[in-house]
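Here are my notes on the model you sent round. They cover helix packing, an aromatic pair and one of the pockets.

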Amino acid sequence: MESTRSIPGAQAIARAARLLRLVTASGANGAGLQELARDADLSRSTAHRLLTALKAEGLVDRDDDSTRWMPGPELFLMGTAAAARYDVTALARDLVRSLAVKTEESAFFSARRADETVCLLREEGSFPIRSFVLSEGVRFPLGVASAGLAILAFLPDHDVDSYLERHPELEERWGGPHGERPLRTRLAETKERGYAINPGLIVEGSWGMGAAVFDRAGRPEWALSLTGVEFRFGPERIAQLGRTLLAHAHELSARIANARR
């Protein structure tokens, strides 16, 4: 495969794509220039120049009052066109709702995009105390949130090795439990158990559980997950939630396989 470094203009496209992902992940409130530049590892002037070019094409927009950057109308049109091929949220929606009803916790459906997961659906549970770590459009690296941990655990060993080689920054950015050795331990536990557990490693007191959803070829490309407050995740209830989560994930995997025959 040809390296992107040898493709003219590839660096500019990669930077613009990174900014697009950050803008779409910022949600309805958008993101400020300084925040976007920092997260994209760009200077303010470079980030502003790229965002201005993207705005001219309708891919991002800038709120005149807050000066924050938000997704543009062209992204909606592009997403609508791509949905016919890639969107499986219609197959997942009632299962996410079922998870929220049966567990009373917040339930989610996430998709793998390269080395990240992006949340596509969120359904609130009825329990009045909730965790707000995850919402539609939010991205996490694989192995960090419970959805990405579940997906990474069921990738082939050589893919896991390659991923960890590409991302030595996980420990520095997300803390000691995301160093290679403890992460590999949690991956092995997830694979043996069948589902992932995140014991408040992103936000203290906010626990998560995730189960991988597979495509027809057996690749983990999506995940269902739950989040809630710590005292709701005792050992007995975790086992019960895990069984419910796996049953819904297996049902969704079957639906996706049958829909794409």
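**Notes on the predicted model**

1. H1 and H3 lie roughly perpendicular to each other, because an angle between 65 and 115 degrees is counted that way. Their packing angle is about 80°, and the axes are 10 Å apart. H3 covers residues 44-56. Keep in mind that the model is predicted.

2. Which residues of H1 and H3 meet? From H1 they are Ala12, Arg15, Ala16, Leu19, Leu20 and Val23; from H3 they are Thr46, Ala47, Leu50, Leu51 and Leu54. Sorted by class, this contact has nine nonpolar residues, one polar and one charged.

3. A second helix pair is H6 (residues 146-153) with H9 (residues 180-193), whose axes come within 9 Å and cross at roughly 80°. H6 and H9 are therefore roughly perpendicular to each other as well. On the H6 side the contact is made by Leu149, Ala150, Leu152 and Ala153. H9 contributes Leu183, Arg186, Leu187, Thr190 and Lys191. The class count for the contact of H6 with H9 is six nonpolar, one polar and two charged.

4. How many aromatic pairs are there? The count comes to three. One of them joins Phe154 and Phe214: the ring centres are 5.8 Å apart and the planes stand at 85°, so the pair is edge-to-face, given that planes over 60 degrees apart fall in that group. Phe154 sits in the loop between H6 and helix H7 (157-166), while Phe214 belongs to strand E7 (residues 206-214). With their positions 60 residues apart, the pair links distant parts of the chain.

5. The second largest pocket holds about 540 Å³ of space. Its lining has 22 residues, and those closest to the centre are Leu22, Ala25, Asp39, Arg139 and Arg173.

6. Where does the lining of the second largest pocket come from? Helix H1 (10-25), helix H2 (33-39), strand E5 (139-141) and helix H8 (170-174) each supply at least two residues. The largest share is that of H1, with four residues. H1 thus appears twice in this note, in the pocket lining and in the packing against H3.

7. By class, the lining of the second largest pocket is made up of ten nonpolar, three polar and nine charged residues.

Note on methods
Residues numbered from 1 in each chain as written. Predicted model: local features only at pLDDT ≥ 70, side-chain atom pairs only at ≥ 80, totals over all residues. Heavy atoms only, no water. 1 Å grid on protein atoms, 1.4 Å probe; cavity = no way out; pocket = protein on both sides within 12 Å on 5 of 7 lines; lining within 4 Å. Points joined across faces, edges and corners; volume = space filled by probe spheres on them. Nonpolar A, V, L, I, M, F, W, Y, C, P; charged D, E, K, R; others polar. Axes fitted to C-alpha atoms, helices over the stretch in contact; angles between N-to-C directions. Parallel < 35°, antiparallel > 145°, perpendicular 65-115°, else oblique. Contact = heavy atoms within 4.5 Å. Phe/Tyr/Trp six-rings, centres within 6.5 Å; stacked < 30°, edge-to-face > 60°.
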